[in-house]
Amino acid sequence: MSSSIAEGAGQRAGQISFQQLADAMPQMVWSTLPDGFHDYYNAQWYEFTGVPKGSTDGEGWNGMFHPDDQERAWSRWRHSLRTGESYEIEYRLRHRSGAYRWTLGRALAVRNEEGEIVRWVGTCTDIHEQKQVAQQNEILSRELSHRIKNIFAVLSGLIGISARQFPGAKQFARQLQARVAALGRAHDYVRPHSEESARHEGPSTLLALLKELLSPYPAIDEGRLTIEGDDLPVDDRGATPIGLVFHELATNASKYGALSNSDGRVRIASVAEQGQVRLRWEEAGGPPILAEPEELGFGSRLTQISIVQQLGGTLERHWAREGLRVDLLIPISALNRA
């Protein structure tokens, strides 16, 4: 057998092996030439879409997407072809039933030894049920947030009505209303957000965010809660998880720690260095800590998840007798999209 015949047989065996592997996968699998020309789909693609084999070769795949998603998908795909970057996008793909189902599309470039792209291999994963659950959760979250805001508004109104009955308490009532309003603003930072509901207004720097978030606590006006250090730009991407952490710390300090008495103090310091920001929460003067808690509460576990998973940072608690110290280390790039 000549070397060319042997090479051809090896290539055919490799092709059959790839097709068999792709057909055995539960996902839709496809591949393209280096220029993006689609020349292969596995059996799951045809089973899902119900289209005749070969009908979506070349550029025919884009017609399978929901009309509202086609230009976005094309734009993302052209960007990957131009730059070689991985392709990832969520879009609605037409099912054989005629309905559109949410799908996660991904693709990676296959390169030769010289680093040249020789093929693109991609997958489509049906995420319709997960997407529906996420959308339902978002609706519930917005409804809950709306009701909580209404409670704050009712509470502020009741304070105003009471103040009119007791003129001597007007100054106190105004201060109390301001704190209730601040609690309402803080709530917006600590509730879960999606891309659609994310905040885009409010404080645009880290220290301003912390000051607004903690403004409901009298200790900040009394000088017992201080915020200092390096300031950095922040948007909703970083504001929500950071707000959640410091809201939880302040709540616990008011119940059990340094903010639970008139002598306790809290110092928050921010230091930016080597592409990271170190945030320290340090309590002193509160009830002495006799031992580290055997188990963290749900709120504390949630803050850990927020910093690690959402921002790619770390969170460490130090249970000293004189007070709790918490150190957060967060990549500066995670604070805002810019």
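This passage describes the fold, the nonpolar cores and several individual residues of a predicted model.

The chain contains 9 helices and 10 strands. Of its 338 residues, 39% are buried. Among contacts with a separation of 6 or more, 55% join residues that lie 24 or more positions apart. The accessible surface amounts to about 19100 Å², and carbon and sulfur atoms account for 54% of that area.

The largest nonpolar core comprises 36 residues. Within this core, the residues with the most contacts are L225, I242, F246, I268, W281, L328 and I330. At least two residues of the core are supplied by each of the helices α6 (206-214), α8 and α9 (298-311) and by each of the strands β6 (225-229), β7 (265-273), β8 (276-284) and β10 (323-331). Helix α8 provides the largest share, with 7 residues. A further core, set apart from this one, has 20 residues, including M28, W45, F65 and Y91. In general, nonpolar side chains of soluble globular proteins tend to be buried together.

Helix α8 covers residues 236-255. With 20 residues at 1.5 Å a residue, the expected span of α8 is 28 Å, and the end C-alpha atoms are 28 Å apart, so the two values agree. Because 14 of its 20 residues are buried, α8 is largely enclosed by the rest of the structure.

I330, one of the core residues with the most contacts, was examined for its partners beyond four places in sequence. These partners are I242, Q276, V277, L279, I307, L311, G313 and L335. I242 is itself listed among the core residues with the most contacts.

L315 is located in strand β9, which spans residues 314-320. Its relative accessible area is 7%, and L315 is therefore classed as buried, the cut-off being under 20%. When residues up to four places away in sequence are set aside, L315 touches V245, T303, Q304, I307, V326, D327 and L328. I307 thus appears in the contact lists of both L315 and I330. I305 is 10 residues from L315 along the chain, and the C-alpha atoms of this pair are separated by 9.2 Å.

L104 belongs to strand β4 (residues 100-111). Its relative accessibility of 14% places L104 in the buried class. Outside the four neighbouring places in sequence, L104 is in contact with E88, I89 and E90, and also with T123, C124, T125 and I127. For one of these partners, T125, the separation from L104 is 21 residues in sequence and 5.1 Å in space, taken from C-alpha to C-alpha.

H66 occupies the loop between α2 (43-49) and α3 (67-83). This histidine is also buried, with a relative accessible area of 18%. Neighbours within four places in sequence aside, H66 is in contact with R92 and Y100.

On the surface, V154, L158 and I161 make a nonpolar patch of about 270 Å². V154 is part of helix α4, which runs over residues 128-165. The relative accessible area of V154 is 51%, and V154 counts as exposed because the cut-off for that class is over 50%.

Note on methods:
Residues are numbered from 1 along each chain as its sequence is written. This is a predicted model: local features need pLDDT of at least 70, side-chain atom pairs count only at pLDDT 80 or more; totals for chains, interfaces and linings use all residues. Side-chain values use heavy atoms; hydrogens and water are left out. Helices (H or I, at least four residues) and strands (E, at least two) are DSSP runs, numbered from the N terminus. The expected span of a helix is 1.5 Å times one less than its number of residues. Buried means under 20% relative accessible area, exposed over 50%, partly exposed in between (1.4 Å probe, protein chains only). Contact means heavy atoms within 4.5 Å. Patches are made of residues with over 30% relative accessible area and no salt bridge: like charges are joined within 9 Å, nonpolar side chains (Val, Leu, Ile, Met, Phe, Trp, Tyr) within 5 Å. Accessible areas come from the Shrake-Rupley method with a 1.4 Å probe; for residues, only the protein chains shown count as cover. A salt bridge is a side-chain nitrogen of Lys or Arg within 4 Å of a carboxyl oxygen of Asp or Glu. A nonpolar core is a set of buried Ala, Val, Leu, Ile, Met, Phe, Trp, Tyr and Cys residues joined through side-chain atoms within 4.5 Å.
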